[in-house]
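I opened this structure to take notes for a newcomer. I will go through it topic by topic.

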Amino acid sequence: MASTRTITHSSSGASCKIHDFGATVLSYQTGAGRECIFLSRDAKLDGTKAVRGGIPLVFPQFGQPDKAMPQHGFLRNNYWQVDESSAYDNSDSAGITYSLEFKNVQAGKGGKWDEITELNCTCFYAIKIEANKMTTTLEIRNTSAKPFNFQTLQHTYYKVDGNAALDASQCFVKGLEGYSVMDKVTNEEYTVG
């Protein structure tokens, strides 16, 4: 049942591979052929576990604050549906949209999501590619009358060539000044300067 699809922007040659399991982006290549996404050689693509690398989707929790639910929630552990009518390829961009309704979640529920039957949502994930840019949009739509708190993110693994990841002049993140950070490896907390 594991399925991977490729979308290609005909005008530029940019392409993107997405796995239906977790709606995980596995690859984005620019029109010039540069791969931007890291995928582990140990990644399982048979639907037995979340993909290692790519862009895994996280919801309704990051990490495992609720031990009754799997780490990072259930989006990355279920098959998503493709809205075939959403697929497009025009001169500006190409793209597609995936969806997952909570009622179709087979794996990864737990905690309050198993206990409170009023909780319901539909998740939409749109992927758009251009010659030198990929835009992904994750929308969580509460379809129940009961509000709920959640955490969500796109846990992106970027491909960094050679030893550039170890060179701060070549590999860095901008725009986080003033934010508090918790380093999960060292357990150090600090504010980005």
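**Strands 6, 7 and 8**

I began with the strand pairing, in what is a predicted model. Strand 6 covers residues 94–101, and strand 7 covers residues 121–129. I looked up how they run and found them antiparallel, joined by 8 bridges. I then picked one residue, Tyr98, and asked which residue in strand 7 is its bridge partner. It is Tyr125.

Next I followed strand 7 to its other pairing. Strand 7 and strand 8 also run antiparallel, and 9 bridges join them. Here I noted that Cys123 stands opposite Ile140 in strand 8. How many residues make the hairpin link between strand 7 and strand 8? I read off 4 residues.

I also checked for a salt bridge at this end of the chain. The side chains of Glu130 and Lys128 form one, with N and O 3.8 Å apart. Lys128 is partly exposed, because its relative accessibility is 32%, and the partly exposed class runs between 20% and 50%.

**Ser144**

I moved on to Ser144. It sits in the loop between strand 8 (134–142) and strand 9 (153–154). I looked for its side-chain partners. One is the side chain of Asn142, in a polar contact at 2.8 Å. The Ser144 side chain also reaches the backbone oxygen of Lys146, at 3.3 Å.

I then set aside residues up to four places away in sequence. What does Ser144 touch beyond them? I found Glu118, Leu119 and Asn120. I also took the separation from Cys121: 23 residues in sequence, and 6.8 Å in space from C-alpha to C-alpha.

**Ala23 and Thr24**

Ala23 caught my eye for its backbone. Its phi is positive, about 45 degrees, although Ala23 is not a glycine. I placed Ala23 in the loop between strand 2 (15–19) and strand 3. Is Ala23 buried or exposed? Its relative accessibility is 0%, so Ala23 counts as buried.

Thr24 belongs to strand 3, residues 24–29. I checked its accessibility too. The relative accessible area is 1%, so Thr24 is buried. Its side chain reaches the backbone oxygen of Phe21 at 3.3 Å. Leaving out neighbours within four places in sequence, I listed its contacts. Lys17, Ile18 and His19 are among them. So are Val51, Gly53, Gly54, Ile55 and Pro56.

**Two more backbone notes**

I found another positive phi at Asn187, about 60 degrees, and Asn187 is not a glycine either. Asn187 is in the loop between strand 10 and strand 11 (189–191). I read its relative accessibility as 55%, so Asn187 counts as exposed.

I also looked at the peptide bond from Phe59 to Pro60. It is cis, with omega near 5 degrees. Pro60 lies in the loop between strand 4 (57–58) and strand 5 (81–89).

**Salt bridges**

I looked up the total for salt bridges. The count is 8. I then opened individual pairs. Arg5 and Glu84 form one, with their closest N and O atoms 3.3 Å apart. This pair links distant parts of the chain: Arg5 is in strand 1 (residues 4–8), Glu84 is in strand 5, and 79 residues separate them. Glu84 has 51% relative accessibility, so Glu84 counts as exposed.

Another pair is Asp42 with Arg52, at 3.8 Å from N to O. Both residues are in the loop between strand 3 and strand 4, 10 residues apart. Arg52 counts as exposed, because its relative accessibility is 52%. Which residues are joined into one network by shared partners? I found Arg5, Asp20 and Glu84.

**A nonpolar patch**

My last entry is about the surface. Val173, Leu176 and Tyr179 make a nonpolar patch of about 340 Å². I traced Tyr179 to the loop between strand 9 and strand 10 (180–182). Why does Tyr179 count as exposed? Its relative accessibility is 54%, and exposed means over 50%.

Methods:
Residues are numbered from 1 along each chain as its sequence is written. This is a predicted model: local features need pLDDT of at least 70, side-chain atom pairs count only at pLDDT 80 or more; totals for chains, interfaces and linings use all residues. Side-chain values use heavy atoms; hydrogens and water are left out. Helices (H or I, at least four residues) and strands (E, at least two) are DSSP runs, numbered from the N terminus. Contact means heavy atoms within 4.5 Å. A polar contact is a pair of N or O atoms within 3.5 Å; within protein, one must be able to donate a hydrogen and the other to accept it, and residues adjacent in sequence count only if both atoms are side-chain atoms. Two strands pair if DSSP finds at least two bridges between them. Patches are made of residues with over 30% relative accessible area and no salt bridge: like charges are joined within 9 Å, nonpolar side chains (Val, Leu, Ile, Met, Phe, Trp, Tyr) within 5 Å. Accessible areas come from the Shrake-Rupley method with a 1.4 Å probe; for residues, only the protein chains shown count as cover. A salt bridge is a side-chain nitrogen of Lys or Arg within 4 Å of a carboxyl oxygen of Asp or Glu. Buried means under 20% relative accessible area, exposed over 50%, partly exposed in between (1.4 Å probe, protein chains only).
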